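Please look through the sequence and the model below before reading on. The report that follows takes up one helix, then the chain as a whole, and then a few of its residues.

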Amino acid sequence: MKTAAGRILAAGALLVMTALLPWLTRTDPALTVLHARYGDAPASPGQLAEVRDQLGLGEGVFTFLGQWLRGVVHGDLGTSWVTGADVGADVSAAFGVSLSLMAYAMVVAVVVALVLCAPSLWRTRPEPAHGAGAGLLAALPEFLLASVLATLFAVRLGWFPAQGWQSPASAVLPALALGIPAGAVLGRLGQDALPAAFAEPWVRTARANGMPRSRIARHAARRALPAVLPQAGLTVVGLTGAAAAVEAVFAIPGLGGTAVASALDLDLPLLQGCLLVLLALGASAAVAVNLLRRWLLGPALKAGALPSLARTRVGGPARLYAAGALIAVLLTVIVWGLTRDPLQVHLTARLAAPSAAHPFGTDALGRDVLARLGHGALRTLVTAAVVCAVCCVVGVALGLVRWTRGVTEVANAMPAILAGLLVTGLFGAGMTGAALAVAAVGWAPLAAHTAALAETERASGHVAAAVVTGAGHRHILRRHVLSGVLPPVVRHAVLRLAPTTLALASLSFLGLGTQPPTPEWGRLLMENLPYAERAPWSVLAPAAALACVGAMVALASTSGRRR
């Protein structure tokens, strides 16, 4: 009941804040709607007054919200402020497309996760995976992967459609672009959970009794799956509502692009319709995940008879050496770039190939890519690290409180662009506002992971024994629950360093974060993406840097540790 109440309250708060969006952002919705309808043509006071009357803006935000809610009760989501079309029809069509794309992408994600977890399942021993492959794949920008796949397999080879949504073939490339990074995150969580399952006492007993290795692997996978399922549920919502960049590359009329466009145009009825669908999908996915988790854990969950989160052996010094080598390479490139001017423009050397004068080539304005990479490193990595740290602290704190699960679902369903517009309206555009916007939704996956691990740990025998001996709540939380929950959640937070950088870049590209010409890695990718086919080096350098960071932190987080 508390979870349902939290879900309803959080969803209501989100819808109210969405209705307040024009006032929070201090913009005239009538002017924004006119520009969305007719471009940047000058608007007269009479036209603005007419639009305000049409939209009912003079009646106040709560009157508008009340009318919209009454319409929702009767199955009417209203009409679009920009096009005048029926919102229900538009949202239903976009949701159908996004739901199909999500299903294809989830198939890819599951396959990628299984491939990453296969070595652990084959070994059936509590040996932690290095995680470098998962970290590298998770750091791949979805929009860059989509552009590369479209250029190679659609334009040059002609194997798949380059744009549109006509047949299942149209879903192959966008599903790969969305599913590979998502599968890497799921696979990394699986890599983390499987060694802990293989370290449980029943594995030694089963091996001593001659149980086949394949059967041990199946039972261990069942023990590890409940820790991964909450993230899978959030991924379902994310792939449905946060795929705007990939939808734009392939011209897919999905829900993500519709939500972003409606947020930028302040088309409140359409935006609220998109949010309502995403919230319903998030609640449905959460219920399904919870039922499946309880089935997998079985009666032992209620009986408090689950094994504790086992501590596995350290990863060994080789991984630390590999992480150190990547750090040395990255620092060398950064220091080299710091010796060069990142703002100097050479119009005669636009998109120049790598040379002695420009080792990493130049961008569309003739600026040195190496210089911009070096000067943007500190801003990019420090900001992303701070955001990940904040998300980790908030996620752990809220994940340990059981009634906040509904709030987690709502935060995950909230598009980052909407959070960016709301935060920017309150604090202004800039890196601080973009960081707050990303943190406002970035804690949700970590909270879901924390809640799943904490539920399992609280149902273990050693916690029941501590209660019997008279241990207090704080002692149990600090010594028995957090000791098993924190290490995997921290590694999960570290894995999100590169995706956080890209989320910050997307807001900056929309004018809500770092302003040009300030160098920043994600912005380098976004600015040079249109020239990727002509000058691949302009996007290869920042993409390689992000991939290097992803592999580096994955290796470092599994080196010399005891769980």
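## A helix with a bend

At which residue does helix 23 bend, and by about how many degrees? In this predicted model, helix 23 bends at Leu482, by about 55°.

The length of helix 23 can be checked with a short calculation: its 23 residues, 473–495, should span 33 Å at 1.5 Å a residue, and the end C-alpha atoms are 31 Å apart, which agrees. Several residues of helix 23 are buried, among them Ile476, His480, Val481, Gly484 and Val485, and also Pro488, Val489, Arg491 and His492. When reading such a list, it helps to remember that an α-helix has 3.6 residues a turn, so residues three or four places apart point the same way.

## The chain as a whole

The chain has 26 helices and zero strands, and of its 563 residues 53% count as buried. Its accessible surface comes to about 23,800 Å², and 68% of that surface belongs to carbon and sulfur atoms.

Among the contacts between residues at least 6 apart in sequence, 78% join residues that are at least 24 apart. For a single pair of positions, one can take Ala416 and Ala439, which are 23 residues apart in sequence, while their C-alpha atoms are 9.5 Å apart in space. Ala416 lies in helix 19, which covers residues 416–427, and this residue counts as partly exposed because its relative accessibility is 31%, between the limits of 20% and 50%.

## Cysteines

A disulfide is a covalent bond between the sulfur atoms of two cysteines. In this chain the count of disulfides comes to zero. Cys117 counts as buried because its relative accessibility is 9%, which is under 20%, and Cys274 is likewise buried, at 1%.

## Aromatic pairs

The count of aromatic pairs comes to two. One of them joins Phe153 and Trp159 in a tilted arrangement, with 5.7 Å from centre to centre and 40° between the planes. Phe153 is partly exposed, at 23% relative accessible area, whereas Trp159 counts as exposed, at 56%.

Trp336 and Phe360 also form a pair, and their ring centres are 6.4 Å apart with the planes at 70°, so this pair is edge-to-face. Because Trp336 lies in helix 16 (residues 317–338) and Phe360 in the loop between helix 16 and helix 17 (369–399), the pair ties together parts that are 24 residues apart in sequence. Trp336 is partly exposed, at 40% relative accessibility, and Phe360 is partly exposed as well, with a relative accessible area of 24%.

Conventions. Residues numbered from 1 in each chain as written. Predicted model: local features only at pLDDT ≥ 70, side-chain atom pairs only at ≥ 80, totals over all residues. Heavy atoms only, no water. Helix = DSSP H or I, 4+ residues; strand = E, 2+ residues; numbered from the N terminus. Expected span 1.5 Å × (residues − 1). Bend = angle between axes of the 7 residues up to and from the residue. Buried < 20%, exposed > 50% of the residue type's maximum accessible area, 1.4 Å probe, protein only. Contact = heavy atoms within 4.5 Å. Areas by Shrake-Rupley, 256 points an atom, 1.4 Å probe, with all protein chains shown as cover. Disulfide = S-S within 2.5 Å. Phe/Tyr/Trp six-rings, centres within 6.5 Å; stacked < 30°, edge-to-face > 60°.
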